[in-house]
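Student: I am new to this structure and would like to work through it by question and answer. May we begin once it is displayed?

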Amino acid sequence: MLQYSRNIKHRSSRALFTKGYSLVELMIVITLISLILSATLFQFKGSILSVSPDTVAVDLASAINKAREKASSGVADINSRTIDITKALVKPHFGVTLSSTPTTTDNGNCNSNCYPQNSICISGQNFCYVPSNTITFDRFSGYTQNPDIVFITSSNRKLALLITRSGDYYIAEQIKGVWYSKTQLQNLNQSAGGKY
């Protein structure tokens, strides 16, 4: 009887160590894990792609404001007073592009008197600018050498961040081929009684 109980213990312990998972069971587990991971990554990628041009404009305006403040306080380092629009944003902004040149060359109803500078017609007024990927603010004054503009474009919206020579900035949006200032858009929105 003692011998019989030893054989049972020996067989049961050997069965625990030799019992494994079949290839089919392993494939099912791996497939389930990969499905869960791909669903999670898809949701994460979708949230990154949903960055709006407005958010990018606000982030860029904040970076410009910081560089201008440093320039006004007299910081000697030119890199601290310069914004490179290709490197200005730290946060990911997939689906939104920044450029110093417009996607369209429509001048609206404005007569361009900006030669040799470029111009864009915003709310019936010319904005003259010199396209550049860098914006440098002068030490102590906080002024720029030239007015500048940054075009913020996504698949369905076009914004422009206008930087005046005094370093102030304004936002405009292109709707049906015409550029409007944000203040004019707010007035249109209120008179239409809804969202524009």
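Student: Is aspartate 54 buried, partly exposed or exposed?
Tutor: This is a predicted model, and the class follows from computed accessibility. Buried means under 20% relative accessible area and exposed over 50%. The relative accessible area of aspartate 54 is 29%, so this residue counts as partly exposed.

Student: With which residue does aspartate 54 form a salt bridge?
Tutor: The closest N and O atoms of the pair are 3.9 Å apart, and a salt bridge requires such atoms within 4 Å. The partner of aspartate 54 is lysine 182.

Student: How many residues apart are aspartate 54 and lysine 182?
Tutor: Aspartate 54 belongs to helix H3, whereas lysine 182 belongs to helix H4, residues 182-192. The pair therefore counts as a link between distant parts of the chain, and lysine 182 is partly exposed because its relative accessibility is 25%. The separation in sequence is 128 residues.

Student: Which residues are linked with aspartate 54 in a network of salt bridges?
Tutor: Lysine 182 also forms a salt bridge with glutamate 173, with closest N and O atoms 3.3 Å apart. Glutamate 173 in turn meets arginine 157 in a salt bridge at 2.8 Å, N to O. The network thus links Asp54 with Arg157, Glu173 and Lys182.

Student: Is glutamate 173 buried or exposed?
Tutor: Its partner arginine 157 has 22% relative accessibility and so counts as partly exposed. For glutamate 173 the relative accessibility is 11%, and the cut-off for burial is under 20%. Glutamate 173 is therefore buried.

Student: What is the nearest side chain of opposite charge to arginine 81?
Tutor: Arginine 81 lies in the loop between helix H3 (53-72) and strand E1 (82-84). This residue is buried yet has no salt bridge. The nearest side chain of opposite charge is 5.4 Å away, and a salt bridge needs a distance within 4 Å. That side chain belongs to aspartate 138.

Student: Which backbone oxygen lies 3.0 Å from a polar atom of the side chain of arginine 81?
Tutor: The backbone oxygen of alanine 76 lies 3.4 Å from a polar atom of this side chain. The oxygen at 3.0 Å is that of valine 75.

Student: What is the area of the nonpolar surface patch that includes Ile30?
Tutor: Isoleucine 30 lies in helix H2, residues 23-49, and is exposed because its relative accessible area is 53%. Tyr21, Leu23, Leu26 and Met27 make the patch together with Ile30. Its area is about 600 Å².

Terms used
Residues numbered from 1 in each chain as written. Predicted model: local features only at pLDDT ≥ 70, side-chain atom pairs only at ≥ 80, totals over all residues. Heavy atoms only, no water. Helix = DSSP H or I, 4+ residues; strand = E, 2+ residues; numbered from the N terminus. Buried < 20%, exposed > 50% of the residue type's maximum accessible area, 1.4 Å probe, protein only. Lys, Arg positive; Asp, Glu negative; His and termini not counted. Polar contact = N/O pair within 3.5 Å; in protein donor to acceptor, adjacent residues only side chain to side chain. Patch = residues over 30% accessible without salt bridge, like charges linked within 9 Å, V, L, I, M, F, W, Y side chains within 5 Å. Areas by Shrake-Rupley, 256 points an atom, 1.4 Å probe, with all protein chains shown as cover.
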